[in-house]
Amino acid sequence: MDKKILVLELTKSEARLTYGSISQDDFEILFAERKSLLSSDGLELAPAEQGTVLHNLLESLKQQFGVGNLALVPTILVLPSENLLVRDGNSRSYSTNSGSGLNRLDYRNCLFLISQEGKEPGYKSLCFLPYLFSCDGEDKEQFPLGERFESLSVHADHYLLPESAYENYRRLVLSLGLKPYLTYFENLAACHYLPRNEKRREFFLLNLSEEATVLSLVKDNRLIDNHYWALGLDAVAEKISEKYRLSLKDASFLIRLFGYESPEPDLPYPIPAIRSTSEFRKTIEDLYDSLILSKIRSTIDLLDEPHHVPVIVYGTATELIGSENMLSARIPRLYSAIRTRVIGANSQAFLPTLGALRLAYEKYQTPLADVVKVREDDAIRETAFGRNERN
């Protein structure tokens, strides 16, 4: 498919933008850039200032590729999963009355029933991911397009975000002239970065970033549980700055410079309060463990009492030197770290945007806007539904 898709991820500290497509499971990324949404002293920018940063980021894309009206560019939005709700949504059995076989309208009507029955006070429905289709009592993993059945029901994972957070993101994105037709969440998108044949049947997906830590349980390609902590490398940097009386900027720089191990000899450090590089690395590891990794271990133990589910990790914190050795010593059953190998977006920061792009190319990704208005308008937009069938 030659159609280029724009993916915008918003985190607490950064905006990440990719522009490209997928052909035969290979990424073609033409543009990938990230911009900080924090001030020079590490504080979150005001909405108007964030809008300016995002506007300049989009202008770079438009000038480089001659993109005109961004409202016409297929756009996917990726949001933080803070306060995310995951629900298992099942539609009532829907009588198809379709003599010519099941069609897309039958599928969308089932999702419409899920959207109506799965409402949560104070939350906004953002996306569904179907995982099972029941046709006359027979279960199928793929939608039986064109086959004849008297009844159909759809089983889908239903993702919801607090309305207040949703409205803040909506206002910001609309002010940029974007009209996203699909919305995902960081770990939901990231777990689809790996092709199906490279995934394990059940695993924990752990995102370690500057501003947050997210742990998700993925089973049979479904994200079924999600835990979010507003703690990351930034929290470690704050403790380092307090301990050694450094500015937050200097503390963050030193953590990046040395990571969890250094090829340099164990020499006295030029800052008097830091006696040696090994002491400094040990302080970083201990703080990261007490602030973040201890919470991860206790949550994993609660969710996986038999202690057999492996952990796959990703995120900008894994780019630190020696991070994998440090994590494997502190996280039980660490299986592997995901490494991006995409030309043009070869950074852990872009992994959710790449996963969102892959997910959008899978079948049955019908935007909720289409689902809700299906009773009024039977026109099928150019959505992700059946992309593979048209290729």
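**Entry 1: cavities**

I began with enclosed spaces, and in this predicted model I find three cavities of 30 Å³ or more. The largest cavity has a volume of about 90 Å³. I then looked up its walls: 16 residues line the largest cavity, and those nearest its centre are Glu-9, Arg-16, Glu-186, Asn-207 and Ser-209. Sorted by class, I note five nonpolar, seven polar and four charged residues in that lining.

**Entry 2: the chain as a whole**

Next I stepped back to the overall picture. The protein chain holds eleven helices and 15 strands. I looked up how much of the chain is covered, and 55% of its 391 residues count as buried. For the surface, I recorded an accessible area of about 17,900 Å² for the protein chain, with 48% of that area belonging to carbon and sulfur atoms. I also checked how far along the sequence the contacts reach: among contacts with a separation of 6 or more, 67% are between residues 24 or more positions apart.

**Entry 3: helix α9 and its last residue**

Which residues of helix α9 are buried? I found that α9, which spans residues 351-360, is mostly covered, with ten of its ten residues buried. The buried residues run through Leu-351, Pro-352, Thr-353, Leu-354, Gly-355, Ala-356, Leu-357, Arg-358, Leu-359 and Ala-360, and I note that Arg-358 is one of them.

I followed Ala-360 further, since Ala-360 has its place in helix α9. Ala-360 counts as buried because its relative accessibility is 0%, and the cut-off for buried is under 20%. I then looked up a partner that is remote in sequence: Ala-360 and Ile-76 are 284 residues apart along the chain, while their C-alpha atoms are 8.3 Å apart in space.

**Entry 4: Ala-349, in the loop before α9**

Ala-349 sits in the loop between β15 (334-337) and α9. Is Ala-349 buried or exposed? At 1% relative accessibility Ala-349 counts as buried. Leaving out residues up to four places away in sequence, I find that Ala-349 touches Glu-9, Arg-16, Arg-34, Thr-316 and Glu-319. Two of these names brought me back to my first entry, as Glu-9 and Arg-16 are among the residues nearest the centre of the largest cavity. For Glu-319 I also noted the spacing: Ala-349 and Glu-319 are 30 residues apart in sequence and 9.7 Å apart from C-alpha to C-alpha.

**Entry 5: strand β8 and the loop leading to it**

I turned to Lys-140, which lies in strand β8 (residues 138-140). Its side chain is joined to that of Glu-138 by a polar contact of 3.3 Å. Beyond residues up to four places away in sequence, Lys-140 touches Leu-132, Phe-133, Cys-135, Glu-147 and Phe-149.

Asp-136 belongs to the loop between β7 (123-135) and β8. I stopped at its backbone, where phi is near 50 degrees, a positive value in a residue that is not glycine. Asp-136 counts as partly exposed because its relative accessibility is 42%, a value that falls between the 20% and 50% cut-offs.

**Entry 6: a second aspartate with positive phi**

I looked up Asp-220 as well, and Asp-220 has a positive phi of about 50 degrees although it is not a glycine. Asp-220 is placed in the loop between β12 (213-219) and β13 (222-229). With a relative accessibility of 42%, Asp-220 counts as partly exposed.

**Entry 7: two residues in other helices**

Leu-303 lies in helix α7, which covers residues 277-303. Why does Leu-303 count as partly exposed? I read its relative accessibility as 33%, so Leu-303 falls between the cut-offs for buried, under 20%, and exposed, over 50%. Apart from residues up to four places away in sequence, Leu-303 touches Phe-204, Asp-225 and His-227. The first-named partner is 99 residues away in sequence, and the C-alpha atoms of Leu-303 and Phe-204 are 9.8 Å apart.

My last look-up was Ala-235, which lies in helix α5 (residues 233-244). Ala-235 is buried, with a relative accessible area of 13%. Between Ala-235 and Tyr-288 I noted 53 residues in sequence and a C-alpha to C-alpha distance of 8.5 Å.

Key
Residues are numbered from 1 along each chain as its sequence is written. This is a predicted model: local features need pLDDT of at least 70, side-chain atom pairs count only at pLDDT 80 or more; totals for chains, interfaces and linings use all residues. Side-chain values use heavy atoms; hydrogens and water are left out. On a 1 Å grid over the protein atoms alone, a cavity is a set of points where a 1.4 Å probe fits but cannot get out, and a pocket is an open set with protein on both sides within 12 Å along at least five of seven lines; lining residues have an atom within 4 Å of a point. Grid points are joined across faces, edges and corners, and a volume is the space filled by probe spheres set on the points. Ala, Val, Leu, Ile, Met, Phe, Trp, Tyr, Cys and Pro count as nonpolar, Asp, Glu, Lys and Arg as charged, and the others, Gly among them, as polar. Helices (H or I, at least four residues) and strands (E, at least two) are DSSP runs, numbered from the N terminus. A polar contact is a pair of N or O atoms within 3.5 Å; within protein, one must be able to donate a hydrogen and the other to accept it, and residues adjacent in sequence count only if both atoms are side-chain atoms. Contact means heavy atoms within 4.5 Å. Buried means under 20% relative accessible area, exposed over 50%, partly exposed in between (1.4 Å probe, protein chains only). Accessible areas come from the Shrake-Rupley method with a 1.4 Å probe; for residues, only the protein chains shown count as cover.
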